[in-house]
Amino acid sequence: MSTPHSHLNRLLSANAQWANDVRQSEPTFFKDSAKGQAPHTLWIGCADSRVPESVITGSRPGDLFVHRNIANQFHPEDDSVLAVLKYAVDHLGVEHVVIVGHTFCGGAAACLAAAQSGNTTVTLEHLPPTDPLNRWLAPLTQLTSTLGVTSASNDEALALVVDENVKMQVDRLSKTPTITNAWVNKNSKGKDVFIHGWVYDLASGKIRDLEVTRGPGQ
Ligand SMILES: [Zn+2]
């Protein structure tokens, strides 16, 4: 029988086991980790529980700097993502920023449903327009309404929305002062910075590169 806290107890005992295993195979790992971080990549992805960036890329603690939110948005007025980007490029010296969408994204599906219903002013009609989810998804619903997806089959349309969403966020990212500055002056380690768009396929576990990479002079 599961107790009210059984999920959390399992997390804590799995963590203790993991820490023991790492310490046994690499005795200095945590001591080194505590000294500082030098991640090579900033991952901006969806908050979806099925897309845990470190697990699906075989990454270790210290490899990825991470920002995740609903439907992997890069809102130019969002101080949270702007601060993460600034810190990643100008202090940690990441060389890559990847926007990562994923198939069957619930956020993208909500925007598609709104666009197909013809009501693009409110994405989730059961919630007030001022609800955080509606405010958050409004730009993606607007984009979706321009894609001509009203008559397409749902799976095909959703796949298109997911791809175009990533491309829009890469475009927004490319216009930020942090990135335009890095393309002229390089990152804090004197290295070039590149931005990329990827889509993770839930059904296969594979990442697809949308080949929208941009860097200095590109
Ligand atoms: Zn998602």
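The following exercises, with worked solutions, concern a predicted model.

Residues are numbered from 1 along each chain as its sequence is written. Local features need pLDDT of at least 70, side-chain atom pairs count only at pLDDT 80 or more, and totals for chains, interfaces and linings use all residues, while side-chain values use heavy atoms, with hydrogens and water left out.

**Exercise 1. The sheet**

Determine the strand order of the open sheet and identify which strands stand at its edges.

Solution.
1. Helices (H or I, at least four residues) and strands (E, at least two) are DSSP runs, numbered from the N terminus; two strands pair if DSSP finds at least two bridges between them.
2. The five strands of the open sheet follow the order 2-1-3-4-5, and their pairing is mixed.
3. Strand 2 (64-69) and strand 5 (207-209) each have a single partner strand, so one side of each is left without a neighbour in the sheet.
4. From one strand to the next, the twist averages 25°; axes are lines fitted to C-alpha atoms, for helices over the stretch in contact, and angles run from 0 to 180 degrees between N-to-C directions.

**Exercise 2. Strand 1, strand 2 and helix 4**

Describe how strand 1 is joined to strand 2, and state which strands helix 4 touches.

Solution.
1. Strand 1 (residues 41-46) and strand 2 run parallel and are joined by six bridges.
2. Within this pairing, glycine 45 has arginine 68 of strand 2 as its bridge partner.
3. Helix 4 (residues 79-92) packs on the sheet and touches strand 1, strand 2 and strand 3 (96-102), where contact means heavy atoms within 4.5 Å.
4. The direction of helix 4 makes about 170° with that of strand 2.

**Exercise 3. The zinc site**

List the protein donors of the zinc ion and classify cysteine 46, histidine 102 and cysteine 105 as buried or exposed.

Solution.
1. Donors are N, O and S atoms within 2.8 Å of the metal (3.2 Å for Na, K and Ca); water is not among the atoms, so sites may look incomplete.
2. Cys46 (SG), His102 (NE2) and Cys105 (SG) are the protein donors, lying 2.1 to 2.3 Å from the zinc ion.
3. Their spacing in sequence is C-x55-H-x2-C.
4. Buried means under 20% relative accessible area, exposed over 50%, and partly exposed in between (1.4 Å probe, protein chains only).
5. Cysteine 46, at 7% relative accessibility, is therefore buried; histidine 102 is buried at 1%, and cysteine 105 is buried at 3%.
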